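Please look over the notes below with the coordinates open. They deal with two helices and what packs against them.

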Amino acid sequence: MGDQLTMPVFKPMRKRRMLLGLGLKEWMRVVGSLVIGAMLALSLGTLRQEADVALNASELQEQYGRYSLYQSTLQKAESMMDAAGTDSIEAIDLTADERSFVANARYLGIDAQMGRDELIELIPKSELRVIPVFPDIPRWMFCLGIPLVITVLLSVEVSHNTTLSREGSRYLGFMSSQRVFDSTPKAYLRGR
C-alpha cells in the first residue's frame, strides 16, 4: 500500500457548460439581441412610401397580354355588331366579362385595328406603388444580422474564461487608471 503513487488533482478548466463557446448567460444575450432586432426590423417594415416603380419585363408582358385580350374582345364585339347591323353593344349577346373587357378597351383607348407596336405604346412603363421605406433584406441584415454577429463575437470565449467584451472592459479600465505626468524641468520648478 505504501508503494502507490498519488497523482495531483487539478481544478477543472471550465466550471460551466458551454455550447459553441457560449454559456447560458451569453446565449441569453444572443436571444435578447435577436428579439430586439426582430422587433426593430418589423417596426421599420411598417414605414411605407408611395413611389413610381418601373415595370419589369414580365409585368410588361402581362400587361400586353391583358391589352391584347381587351383588343380581341373588342374585335369580336365589333364583328358581332356589324353582323347584327347595330351600333349598340347592348344589342349583341356578350358575357359580363366580355362587356367589361370592351369597356376597359374603350377606356384605355384601344382600337380594334391597332397593331402590336401601337398597343405596346399604350402600356404604361411605370406605376405608383406603396413600397417600404427600408427594403426588406438590408433592413433585416442591419437590424438582425449585424447585432447578432457582434453579440456572438463579443460573447464567445476566446481564451480560458475570457471573452472579447471582458478583455475590452479590462483594457478600458486599465487605460483609465493610467496617468500621465509631465516631467520636464520647468514643470518641476513650477511645483507640479
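Which residue follows H3, and what is the sign of its phi?

1. The residue after H3 is Gly109, and its phi is positive, near 85°. Bear in mind throughout that this is a predicted model.

2. H3 itself runs over residues 96-108, 13 residues in total. From first to last C-alpha the helix reaches 18 Å, close to the 18 Å expected at 1.5 Å a residue.

3. Buried positions in H3 are Glu98, Val102 and Ala105. They lie on the same side of H3 because they cover an arc of only 60° around the axis. Ala96, Asp97 and Tyr107, on the other side of H3, are exposed. The cover over the buried residues of H3 includes helix H2 (57-84).

4. H1 spans residues 24-45 and has 22 residues. Its first and last C-alpha are 31 Å apart, close to the 32 Å expected at 1.5 Å a residue.

5. Glu26, Val30, Ser33, Gly37, Ala41 and Gly45 are the buried residues noted in H1. Their arc around the axis is only 95°, so they sit on the same side of H1. The general background is that an α-helix has 3.6 residues a turn, so residues three or four places apart point the same way.

6. The other side of H1 carries exposed residues: Leu24, Met28, Ile36, Met39 and Leu42.

7. Among the elements that cover the buried residues of H1 are strand S1 (48-54), helix H5 (136-155) and helix H6 (164-177).

Definitions and conventions. Residues are numbered from 1 along each chain as its sequence is written. This is a predicted model: local features need pLDDT of at least 70, side-chain atom pairs count only at pLDDT 80 or more; totals for chains, interfaces and linings use all residues. Side-chain values use heavy atoms; hydrogens and water are left out. Helices (H or I, at least four residues) and strands (E, at least two) are DSSP runs, numbered from the N terminus. The expected span of a helix is 1.5 Å times one less than its number of residues. Buried means under 20% relative accessible area, exposed over 50%, partly exposed in between (1.4 Å probe, protein chains only). The arc is that of the directions from the helix axis to the C-beta atoms. Contact means heavy atoms within 4.5 Å.
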